Amino acid sequence: MPKQSFKVCLCWRRVFKTRVVEPPLDIKNAFYSFSPSGMMTVDDLLRFLIDHQGQKNATKEDAQAIFDSLKHLNIFQRRGLHLEAFFRYLLGDLNLAHPPSKVHHDMNAPLSHYFLFTGHNSYLTGNQFSSASSVEPIKDALLRGVRVIELDLWPNSSGNDVNVCHGRTLTSSVGLQKCLEAIKENAFKASEYPVIITFEDHLNPNLQEKVAKMVTETFGDMLYTSETENLEQFLSPESLKKRVLISTKPPKEYLEGNTQGEEISENEGGTVANECQSSSQWNPPEEGEHVPEEDEGKVVPEYRQLIAINARKLKGGLENWLSDDPKKVSRISLSEQKLESVAKTYGTKTVMFTQRNLLRVYPKRTRLDSSNYNPFVGWMHGAQMVAFNMQGHGKRLWIMQGMFRANGGCGYVKKPDFLLHRGPNDEVKVYLGEGWHQDFHHTAFDRYSPPDFYTRIGVAGVPADKDVKQTATVEDEWLPVWDEEFKIQLRAPELAVLRIKILDYNTTGRHYFGGQVCLPVSELRTGIRAVPLHDKKGNKYKHARLLLSVKFEAP
């Protein structure tokens, strides 16, 4: 049996034997109930898939494929699977709780009927105040399936070109042309469904004209432009495959004077000028303010024609923001704080507004560390574009990544019916985990002994569905066996995300991270399933995974 040694001091080492985990009792019972002889045939395995795992459409070919996948193992026998081989299958990639899938939602509804994987200040590499701007975060977001990219447009220091940066901060800038080329090259590698670029525009008409030329020449036939200025209904993701759409306010709205109560820029409140704002000739203040310019009467038709999704200013009070014009659809943007305010008083009206129009929610300006907010406040009120800072990590970003693993990871998730038109008991049993000793150095968690793992498992969703459970701690073990069962009651499973986090217990109170994953509850497969774990940034570990049993029961 292999051993691991941990150096405690110059003259003393601790030695731990590593062990092979035996299948938990539930798995042994399942195996022998479908193969009493102790050898599981293809037909036995097929019955297991249908009756125990709930795969009603499983075929003999599926069972044979599982057999074939195990032939390279020394434990495989031609007559069938014995218990150990069956156990290895359960932990393998052919038995995932949420396997890679194809797009299976109806993609022919209007854009307003979907949640969109949406980035905030997509060009920033770190915090919102002093980090660098680059095309790399844009590329990374698109390759993860993000479908909405935000670019803040400012004049360069000479006032003759366009840069992208976070205005009134110390962030550096990156050229707009580089950003557009990065989007073009990476837009449809992870998903063929449309990419929307939202511009926050701080440009004079001459530079708007330059932007129109850049965008048109860069994207060519990929660019979708509408033949009419006012759409009565958004097109569908299916009809916009491999197209790029621009969303911003029409130029004439930038020329209008400030109206009391209207939305101001997301880049509000800063006082330190960066390169984007040091341009002398056109340094507009916040959105909504009006500074006379000698060419202010010029509206650039080429720029106006770029806009496929009209964003509009917020005028008047809260109720007016959610006015729904039956003759045209549009997009509005609210900060997380404004959304909370609107939802308290006009929750139903917000849901009705988002049945036809688009609502984008963005982080409050005090999140200088690029942290994120609770996405469910937006989702449960129908907000399609819940904009997140993608460059960090943490619970809320993991929840966002979990939500958009649904529907084949294409970046579009169909809203549940209750948000488009005018509760079960859920059981999860955590069996065991494996693979950490292959993905981590043997002293990664503790210099003197193997890790002391425990699991936190819960649900993130609407307020009534928030719940967290915790297993016991298994000490000094790379292959922990918990064999614990938890029941979580859900009211809105369509919006729920299963959260799993593994920690190494430490007596100092600083528990070390051992992996995490968030999965859409609506797409979980029932039965005994493997769940691969991910690192803090959402990248999948090669080996570390859990074995779970998932059941759904009516109340």
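This passage looks at one helix and at some backbone angles in a predicted model.

A good place to start is helix H5, which spans residues 136-143. Its buried residues are Pro-137, Ile-138, Ala-141 and Leu-142. These four residues lie on the same side of H5, because the arc they cover around the axis is only 130°. In general, an α-helix has 3.6 residues a turn, so residues three or four places apart point the same way. The partners of this buried side come from several elements: the buried residues of H5 pack against strand S4 (148-155), helix H6 (176-186) and strand S7 (195-201). Just after H5, the backbone at Gly-145 takes a positive phi of about 100°.

Positive phi values also appear at residues that are not glycine. Most residues other than glycine have a negative phi, which gives the next two cases some interest for a newcomer. Lys-242, a residue other than glycine, has a positive phi near 60°. Lys-242 sits in the loop that runs between helix H7 (205-219) and strand S8 (244-248). Its relative accessibility is 47%, so Lys-242 counts as partly exposed, the range for that class ending at 50%.

The second case is Asn-407, where phi is positive at about 55° although the residue is not a glycine. Asn-407 also belongs to a loop, here the one between helix H13 (395-403) and strand S13 (412-414). With a relative accessible area of 0%, Asn-407 is buried, whereas Lys-242 is partly exposed.

Notes: Residues numbered from 1 in each chain as written. Predicted model: local features only at pLDDT ≥ 70, side-chain atom pairs only at ≥ 80, totals over all residues. Heavy atoms only, no water. Helix = DSSP H or I, 4+ residues; strand = E, 2+ residues; numbered from the N terminus. Buried < 20%, exposed > 50% of the residue type's maximum accessible area, 1.4 Å probe, protein only. Arc of directions from axis to C-beta. Contact = heavy atoms within 4.5 Å.
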